[in-house]
Amino acid sequence: MQTMLFENFNDPNDPNHSNELICGVDEAGRGPLAGPVFAAAVILDPAYPIEGLRDSKKLTAARRDSLAIQIKNHALAWSVAQCSEVEIDTLNILHASMLAMQRAIEALSVTPTLALIDGNRCPSKLSMRAQAIVKGDDKVAAISAASILAKTARDAALVVLHQQYPQYAFDQHKGYPTALHLKLLRTHGVTPVHRKSYAPVRALLAD
């Protein structure tokens, strides 16, 4: 259920936020064994409300794709960024996710005054104020929009990886540690796009 928080952060008449330019920020792809982690930042336009925004994981792929087009067409600003598998292995996934979020915010064509971050922590090196909101992707429209853009961008990237490594079926499991992915990983070995620091991949490399 959407809360009042969802409405207040996007209401230009709300006295608490009428002077704020707010961006929502979310990431996609912490759990997979392969591929980059993606993040998106979105500043919605109050003049163009988008119906149906919610946590991307609760939407069908077709609905996410449809909403992503609307977000890109009607948002005041949006951006998508990523951290590579090498960066994930070097920094760890938490810090890589924070860095991807920072990159997404910095890439916006309009500088926000407040960044609302999905989760319980914020990137440490932002030039504006930031607030973490647990389950924000189902409470704040701008975070929902960022969730959708990050998810669709990552899914598209994994389809490209499938074209490069068709024997791994990245188009099906999107890099997550499903039974199919683990089976194919054991059969074909580790690729350059697998995250070497993740336990199943690390175990194969150790054998």
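Let's start with two helices, H2 (61-74) and H5 (141-164). Their axes come within 9 Å of each other and cross at roughly 115°. Helices here are DSSP runs of H or I with at least four residues, strands are E runs of at least two, and both are numbered from the N terminus. The axes are lines fitted to C-alpha atoms, for helices over the stretch in contact, with angles from 0 to 180 degrees between N-to-C directions. H2 passes H5 in a left-handed crossing; that is, the near helix is turned anticlockwise from the far one by less than a right angle, while clockwise would be right-handed.

Before we go on, a word on the model. It is predicted, so local features need pLDDT of at least 70 and side-chain atom pairs count only at pLDDT 80 or more, while totals for chains, interfaces and linings use all residues. Residues are numbered from 1 along each chain as its sequence is written, and side-chain values use heavy atoms, with hydrogens and water left out.

Which residues meet where H2 and H5 touch? From H2 we have Arg64, Asp65, Leu67, Ala68, Ile71 and Lys72, and across from them in H5 are Ala145, Ile148, Leu149, Lys151, Thr152 and Asp155. Contact, by the way, means heavy atoms within 4.5 Å. Sorted by class, this meeting place has 6 nonpolar, 1 polar and 5 charged residues. For that count, Ala, Val, Leu, Ile, Met, Phe, Trp, Tyr, Cys and Pro are nonpolar, Asp, Glu, Lys and Arg are charged, and the others, Gly among them, are polar.

Now let's look inside. The largest nonpolar core has 32 residues, and Cys23, Val25, Ile105, Ala115 and Phe170 touch the most other members. Strands E1 (22-28), E2, E3 (77-83) and E4 (114-118), along with helices H4 (93-106) and H5, each give at least two residues to this core. H4 provides the largest share, 6 residues. There is also a second, separate core of 24 residues, which includes Leu114, Ile133, Ala145 and Ile148. A nonpolar core here is a set of buried Ala, Val, Leu, Ile, Met, Phe, Trp, Tyr and Cys residues joined through side-chain atoms within 4.5 Å. Buried means under 20% relative accessible area, exposed means over 50%, and partly exposed is in between, using a 1.4 Å probe and protein chains only.

Valine 42, in strand E2, is a nice residue to click on. Its relative accessible area is 0%, so valine 42 is buried. Beyond four places in sequence, valine 42 touches residues including Ile22, Cys23, Ile71, Trp78, Ala145 and Leu149. Valine 42 and isoleucine 22 are 20 residues apart in sequence, and their C-alpha atoms are 8.4 Å apart in space. Cysteine 23, for its part, has contacts that include Val42, Ile105, Leu116 and Ala142.

On to charges. Side chains of opposite charge can pair when their charged atoms come close. How many salt bridges does the structure hold? There are 8, each being a side-chain nitrogen of Lys or Arg within 4 Å of a carboxyl oxygen of Asp or Glu.

Lysine 57 and aspartate 137 form one of them, at 3.6 Å from N to O. Lysine 57 is in the loop between E2 and H2, and aspartate 137 is in the loop between strand E5 (129-133) and H5, so this pair ties together parts 80 residues apart in sequence. Is lysine 57 buried or exposed? Lysine 57 is exposed, at 62% relative accessibility, whereas its partner aspartate 137 is buried at 5%.

Lysine 58 and aspartate 138 make another bridge, at 2.5 Å from N to O. This pair also links the E2-H2 loop with the E5-H5 loop, 80 residues apart. Lysine 58 is partly exposed at 47%, and aspartate 138 is buried at 14%.

Bridges that share partners join Asp55, Lys57 and Asp137 into one network. Aspartate 55 sits in the loop between E2 (37-43) and H2 and is buried, with a relative accessible area of 7%. Its contacts farther along the sequence are Asp137, Asp138, Ser144 and Ser147. Serine 147 lies in H5 and is buried at 3%. Beyond its sequence neighbours within four places, serine 147 is in contact with Asp26, Asp55, Ser56 and Asp137.

That brings us back to H5, the helix that crosses H2. Thanks for listening!
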